[in-house]
Amino acid sequence: MSNHDQLLKELRIRIANEEPLPDENYIQEDETLLRFLKAREWNIDAAEKQLRDAIAWRRSYRPLTADCRWCQQQPGCHS
């Protein structure tokens, strides 16, 4: 098992007690966890903090249910 695989496994263990977010697999996907590890240059403590902060933000903001008036008025304006 590579060092990156071990870090992924450790991060998954560290956030195992996090409640899944409604209607999304955000924290269950390996790709998501790997993005956070890569973003913090494989520093697991920093990646865990950033991930927990992102989870808290997603819980409070609920981006999948956000109603953007610009998107309604002009579809595709954010792309």
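The legends below go with several close-up views of a predicted model.

**View A. The largest nonpolar core and its best-connected members.** Welcome to the inside of this predicted structure. The largest nonpolar core has 15 residues, and L11, Y26, L37 and L51 are the ones that touch the most other members. Helix 1 (3–14), helix 2 (30–39) and helix 3 (44–61) are the elements that each give two or more residues to this core. Helix 3 gives the most, with 5 residues.

**View B. The surroundings of L11.** Which residues does L11 touch, not counting those up to four places away in sequence? They are L33, L37, I44, E48 and L51. L37 and L51 also appear with L11 among the core residues that touch the most other members. I44, E48 and L51 are all listed among the buried residues of helix 3.

**View C. Helix 3 from end to end.** Here is helix 3, with its 18 residues. From its first C-alpha to its last it reaches 25 Å, close to the 26 Å expected at 1.5 Å a residue. At the N-terminal end, N43 acts as a cap: one of its side-chain oxygens lies 3.1 Å from the backbone nitrogen of D45. Just after the helix, have a look at R62, which takes a positive phi of about 55 degrees.

**View D. The two faces of helix 3.** The buried residues of this helix are I44, A47, E48, L51, A54, I55 and R58. Seen down the axis of helix 3, these buried residues fall within an arc of 130 degrees, so they line one face of the helix. A general point helps when reading this view: an α-helix has 3.6 residues a turn, so residues three or four places apart point the same way. What covers the buried residues of helix 3 includes helix 1 and helix 2. On the face turned away from the buried side sit the exposed residues D45, K49 and S60.

**View E. A stacked aromatic pair in helix 3.** The structure holds 1 aromatic pair. W57 and Y61 form this pair, and their rings are stacked, at 4.9 Å centre to centre with 25 degrees between the planes. Why does this angle count as stacked? The planes of W57 and Y61 are 25 degrees apart, and planes under 30 degrees apart count as stacked. Because W57 and Y61 are 4 residues apart in helix 3, about one helical turn separates them. Are these two rings' residues buried or partly exposed? W57 is partly exposed, with a relative accessible area of 44%, and Y61 also counts as partly exposed, at 47% relative accessibility.

Key
Residues are numbered from 1 along each chain as its sequence is written. This is a predicted model: local features need pLDDT of at least 70, side-chain atom pairs count only at pLDDT 80 or more; totals for chains, interfaces and linings use all residues. Side-chain values use heavy atoms; hydrogens and water are left out. A nonpolar core is a set of buried Ala, Val, Leu, Ile, Met, Phe, Trp, Tyr and Cys residues joined through side-chain atoms within 4.5 Å. Buried means under 20% relative accessible area, exposed over 50%, partly exposed in between (1.4 Å probe, protein chains only). Contact means heavy atoms within 4.5 Å. The expected span of a helix is 1.5 Å times one less than its number of residues. The arc is that of the directions from the helix axis to the C-beta atoms. A polar contact is a pair of N or O atoms within 3.5 Å; within protein, one must be able to donate a hydrogen and the other to accept it, and residues adjacent in sequence count only if both atoms are side-chain atoms. Rings of Phe, Tyr and Trp (its six-membered ring) pair if their centres lie within 6.5 Å; planes under 30 degrees apart count as stacked, over 60 as edge-to-face and the rest as tilted.
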